[in-house]
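Trainee: Hey, can we go through this one together? I'd like to know what sits on the inside.
Mentor: Sure, let's pull it up.

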Amino acid sequence: MTTVEESINVSVPVTTAYNQWTQFESFPQFMGGVISITQLSDTTTHWVTKVAGVEREFDTEITEQHPDERVAWKSTDGKSHAGVVTFHRLGDAETRVTVQLDWEPENVVEKLGSVVGADDRQVKSDLARFKEFIESRGSETGSWRGNVDAPGNAATGAAGTAPVGPTSTDTSRLAAAPDVDPAMDDPESGGPRAGL
């Protein structure tokens with residue numbers, strides 16, 4: 001399993017950064033190798049990617065989502081990966097965005113790329129393009145402010161969504177978000193990596 005973790009500070013409010021990250025269909029505008037993403041429901045997406053000449057399609061499921069804090073996902077078919085993006089308010093108009101991605105390289109090219117750090121460079125480059133994208137716009141292209149609780153969440157006792165708005169989704173099949181180092185949480189704001 002390969003793990004990539006990168007952070008970037010963006011000069012927009014935490015709500016703007018978070019809201020944009022919920023607009024999955026916009027990802028091809030700032031993520032290299034992502035051809036398209038189709039939002040299938042509040043908690044599922046279909047991805048088409050092309051990296052090093054290899055095209056792949058797979059579905060992902062949101063496993064945990066809390067407005068202005070985090071979005072976690074895992075693949076449900078195809079390419080094996082999971083990840084979490086967290087948002088930390090640094091000021092009224094500055095936010096730290098941190099991405100942690102865990103995935104299993106499947107072929108020789110992917111394994112070699114992992115060894116030489118191509119994955120880290122790609123995520124770092126994608127975050128730099130996200131920064132340019134959101135700062136140049138100054139506002140998000142849309143938002144989804146719903147909650148998706150991880151299974152067994154102490155607040156609910158079970159998995160479930162609590163969307164803000166008229167829609168809801170059956171989440172009985174959602175899995176827990178990837179493990180994240182609890183030492184990285186900031187107790188004051190509930191955000192990640194305040195000390196970075």
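Mentor: First, a term: a nonpolar core is a set of buried Ala, Val, Leu, Ile, Met, Phe, Trp, Tyr and Cys residues joined through side-chain atoms within 4.5 Å. And keep in mind that this is a predicted model.
Trainee: Okay, so which residues touch the most other members of the largest nonpolar core?
Mentor: Val10, Trp21, Phe27, Val85, Phe87 and Val97 do, out of 30 residues in that core.
Trainee: And which element gives the most to this core?
Mentor: That's α3, with five residues. Several other elements supply at least two residues each, including β1, α1 and β7.
Trainee: Switching topic: how many aromatic pairs are there?
Mentor: The count comes to eleven. Take Phe30 and Phe130: their ring centres are 5.1 Å apart and their planes sit at 65°, so that pair is edge-to-face, the cut-off being over 60 degrees.
Trainee: Where in the chain are those two?
Mentor: Phe30 is in the loop between α1 and β2, while Phe130 is in helix α3, 100 residues apart, so to speak a link between distant parts of the chain.
Trainee: Are they buried or exposed?
Mentor: Phe30 is buried because its relative accessible area is 1%, and Phe130 counts as buried at 0%. Both belong to a cluster linked by ring pairs, with Tyr18, Trp21 and Phe27 among the other members.
Trainee: What about α1, how many of its residues are buried?
Mentor: Seven of the eight, so α1 is largely enclosed by the rest of the structure. Among them are Val14, Tyr18 and Trp21.

How values were computed: Residues are numbered from 1 along each chain as its sequence is written. This is a predicted model: local features need pLDDT of at least 70, side-chain atom pairs count only at pLDDT 80 or more; totals for chains, interfaces and linings use all residues. Side-chain values use heavy atoms; hydrogens and water are left out. Buried means under 20% relative accessible area, exposed over 50%, partly exposed in between (1.4 Å probe, protein chains only). Helices (H or I, at least four residues) and strands (E, at least two) are DSSP runs, numbered from the N terminus. Rings of Phe, Tyr and Trp (its six-membered ring) pair if their centres lie within 6.5 Å; planes under 30 degrees apart count as stacked, over 60 as edge-to-face and the rest as tilted.
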